[in-house]
Amino acid sequence: MLNSLRSIVQEVNSARDLTSALRIIVSSVKSAMRTQVCSVYLVDQAGDYVLMATDGLNTDAVGKVRLHPGEGLVGRVVVREEPINLEHAEAHPSYQYFPETGEERYRSFLGVPIIHHRKVLGVLVVQQIEQRRFDEGDESFLVTMSAQLAGVIAHAEATGGIKDIGQKAVQARFLGSPGSSGVAIGEAVVIAPEADLRSVPFKPYVDLEAEIAFFQRCLMAVREDIKALGAKLKDRLNREERALFDAYLSMLDDASLGGEVTERIRKGANASYAWSEVILEHEATFNSMDDAYLRERATDLRDLGRRVLAYLLESNKKGRVYPERAILVGEELTATMLGEIPPEKLVGLVSVEGSSNSHVAILARAMGIPTVMGVVDLPYLQLDGRPLIVDGYRGSVYCDPDELVVKHYKAIAVEDLALVKGLEALKDLPCETTDNYRLTLWVNTGLMADVVRSLERGAEGVGLYRTEIPFLMRDRFPSEEEQRIIYREQLAAFAPNPVTIRTLDIGGDKALPYFPIEEANPFLGWRGIRVTLDHPEIFLAQVRAMIKASEGLDNLRILLPMITSVPELDASKALITRVFNELIEEGYKVLMPPVGVMIEVPAAVYQTRELAARSGFLSVGSNDLTQYLLAVDRNNARVADLYQAFHPAVLRALQHIVTEAHAEGVSVSICGELAGDPSAAILLMAMGFDVLSMSAANLPKVKSVIRGISLSLAKALLAEVIVMADADQIRERIEQFLGDADVTRLIRPVVSDDFEE
Ligand code: PEP
Ligand code: MG
């Protein structure tokens, strides 16, 4: 059973569209269960469950038979959200007869719901003429099948709207999580991982003959490579092995793969897309063969496929001209990918994987680029060159938007511009409430561009400088002197205001290309201070560079990430003190910088007192703290809606940290993304945080909200929400508060959006 399950799911996964996926499902489930009918019903826009595919019933009934939830046996499966297994279906009170299906002949019925993200997408049904008791094994098989297929069906349904390349485009909307607020209207530029046959974007070509000639040139280049490789290995291979090279060469011929691909190019696909399609199809055929020797040939084919693809993509990249308003789209965007497009052309970002707490989203916010993360159903490979709209406020992406939608988003963009202009006036005004409470706002930095932006927006200091960003942009660790220069720039730009430099925080979703960390659970693994304490040479060089850079400026504060215990803090401080003493001995005129601890794991929350007693300051990393308190991977799109910044447990932990730190007489800031959310900033101020540190893009908004309210009202709001039991209720109450204070526009557009429904 397991084998048939696996092979059915695999086959369905490779189906090109929903119709063929459903066809594969009904015929293979029918044969695997040795039954006479298998059908799939799917919910339509109106909420009815419609027969979409069948093997066994009259196919004319497809699209015609429809049931409301609760109606008939299928409708009953929907409302009960569990299987119904009947030996005598017609004896059941819910049994309903549809003459067009020819169904009266079937006695036994087993129907299981197809559920995706708690929604019943459809029902998978098997039936039998003779009375048959589908046993427990049958039922579990169908339930397993349905659970596996739910995601595939949801994906195929979501992508269905834009599958038909070359035909008239139809607007399609995809949902993800808001990554960075704002809207972008532009053209998709799809970034695919290097030479991955499964992620080659479709892109229409301009000139058929030129595309074919380009393909032939790439084939020729690979032929030459293979010949050269064969010649090099000539003496080390036997005759049979040498024959493999000839086999490779002949596969590239026009009579073989070359010809097939050319044929597809003629039908409209670009060379790299056509090539990958042909290779993947042949690979699947080889893979399904029983003969082990033939299955092995799939590996050769894949190898050949990658070789040719590398040429096809490389040549594509060289000549690539980016549109004026480029929206970068990729399966898993990374910080380095952002550098692929000239900054003046990059207007938006869309990532299929990840969530609003992924580091690439944080970077996007710092750069002020509207971003949507975790758009899991986005058929991103089909999007290159197509018009897109990124709604970073709500986390949606429109492909081929219609005029009405474009008009709507243009209006929001105009409003956004006016908002930014209006906020510029706040630059030199203090961040002060209406009852004269002064709150300190600092910025988070990492990119050099952040410095200029932060100074323009009136930042009073740096609460978090993420040093991993300059580390990410290189192909080796930066030397001590290279680091000193970078840190000096930061410190000098903000002097005499304080600059908090965090020691290297890699691991989790931040991997250095030259120092890979492969782990099953990277967020629970070798991260932050754990890595640098294990590699004192990296830590010592970094701290030396920081302290040297502070000479004469004396505005450095050092921050330690991911501290989970007092010994980790003590060990880090010992290394920092050692560096300081050595530098003094070497004659540097430097001061010992305050050393602070990031409170970002629950263990640190419960040791706030002890950690505060041993450090100069504390800074809460609410991004990680939320993920660890709620046990929700900050990078996982599937659980993104469980990552609730206003979860009562998070708010209470934050309040606890402030109270404990203050009891120890130590100041406490917060540098997670929560600090830059104007609606959260009100609560954080009321809790007593001494400093809020955020991306420069958010600073004016937070300042504006704080200047519009009083501390006493903020405290009253906090007292009200901190005892609430549910995050949604808390968010609603805060929204209402912002509405009353007339500052809703600072968190989202207020233009009406009736066009969607
Ligand atoms: C945090 O975890 O809140 C934080 C500021 O650090 P980072 O987002 O870089 O992990
Ligand atoms: Mg963190």
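Me: Into which domains is the chain divided?

Reply: Keep in mind that this is a predicted model. Domain 2 comes in two pieces, 181-190 and 331-419, and domain 3 covers 197-318. The full set is domain 1 (2-161), domain 2 (181-190 + 331-419), domain 3 (197-318) and domain 4 (427-746).

Me: What distance separates the centres of domain 3 and domain 4?

Reply: Domain 3 runs over 197-318 and domain 4 over 427-746. Taking each centre over C-alpha atoms, the separation is 50 Å.

Me: Let's move to the ligand. How many residues surround ligand 1, and which are the closest?

Reply: The shell holds 17 residues. They divide into four nonpolar, five polar and eight charged. The closest are Arg466, Arg502, Gly621, Asn623 and Arg634.

Me: Which element gives the most to the shell around ligand 1?

Reply: The elements that give two or more residues are helix 10 (359-367), strand 16 (462-466) and helix 20 (622-630). The one giving the most, with three residues, is helix 20.

Me: How far is a polar side-chain atom of Arg634 from an oxygen atom of ligand 1?

Reply: Let's look at a few contacts. A polar backbone atom of Ser622 is 3.1 Å from an oxygen atom of the ligand. Arg466 uses a polar side-chain atom, 2.8 Å from a ligand oxygen. For the side chain of Arg634, the distance is 2.8 Å.

Me: And what share of the accessible area of ligand 1 does the protein cover?

Reply: On its own, ligand 1 has 290 Å² of accessible area. The share of that covered by the protein is 100%.

Me: Now some helices. Why does the end-to-end distance of helix 2 agree with its number of residues?

Reply: Helix 2 takes in residues 18-32, which makes 15 residues. At 1.5 Å a residue, they should span 21 Å. The two values agree because the end C-alpha atoms are 21 Å apart.

Me: Which residues of helix 2 are buried?

Reply: Buried means under 20% relative accessible area. In helix 2, the residues that meet this are Leu18, Ala21, Leu22, Ile24, Ile25, Val26, Ser28, Val29 and Ala32.

Me: Which residue with a positive phi follows helix 2?

Reply: Most residues other than glycine have a negative phi. After helix 2 comes a residue whose phi is positive, near 45 degrees, and that is Arg34.

Me: Where is Arg118, and is it buried or exposed?

Reply: Arg118 has a positive phi of about 70 degrees, although it is not a glycine. Its place is the loop between strand 5 (108-116) and strand 6 (119-128). With a relative accessible area of 77%, over the 50% cut-off, Arg118 is exposed.

Me: What about Asn436, buried or exposed?

Reply: Asn436 also has a positive phi, near 65 degrees. The loop between helix 11 (403-424) and strand 15 (440-445) is where Asn436 lies. Its relative accessible area is 59%, so with a cut-off of over 50%, Asn436 is exposed.

Me: Which peptide bond is cis, with omega near 5 degrees?

Reply: Most peptide bonds are trans. Look in the loop between helix 14 (480-494) and strand 17 (499-502), where Pro496 is found. The cis bond runs from Ala495 to Pro496.

Me: How many residues of helix 16 are buried?

Reply: Helix 16 (residues 536-549) has 14 residues and reaches 19 Å from its first C-alpha to its last, close to the 20 Å expected. Its buried residues include Phe539, Leu540 and Met546. The helix is largely enclosed by the rest of the structure, because its buried residues number 11 of the 14.

Me: Is Ile8 buried or exposed?

Reply: Ile8 is found in helix 1 (residues 2-13). Its relative accessibility is 3%, and the cut-off is under 20%, so Ile8 counts as buried.

Me: How far apart in space are the C-alpha atoms of Glu11 and Ser28?

Reply: Glu11 is in helix 1, and is partly exposed with a relative accessible area of 43%. Ser28 is one of the buried residues of helix 2. Along the chain the two are 17 residues apart, and their C-alpha atoms are separated by 9.5 Å.

Methods: Residues are numbered from 1 along each chain as its sequence is written. Chains are lettered from A and ligands numbered from 1 in the order in which they are written. This is a predicted model: local features need pLDDT of at least 70, side-chain atom pairs count only at pLDDT 80 or more; totals for chains, interfaces and linings use all residues. Side-chain values use heavy atoms; hydrogens and water are left out. Helices (H or I, at least four residues) and strands (E, at least two) are DSSP runs, numbered from the N terminus. The expected span of a helix is 1.5 Å times one less than its number of residues. Buried means under 20% relative accessible area, exposed over 50%, partly exposed in between (1.4 Å probe, protein chains only). A residue is near a molecule or strand if one of its heavy atoms lies within 4 Å of it. A polar contact is a pair of N or O atoms within 3.5 Å; within protein, one must be able to donate a hydrogen and the other to accept it, and residues adjacent in sequence count only if both atoms are side-chain atoms. Accessible areas come from the Shrake-Rupley method with a 1.4 Å probe; for residues, only the protein chains shown count as cover. Ala, Val, Leu, Ile, Met, Phe, Trp, Tyr, Cys and Pro count as nonpolar, Asp, Glu, Lys and Arg as charged, and the others, Gly among them, as polar. Domain bounds come from an automatic or database domain assignment.
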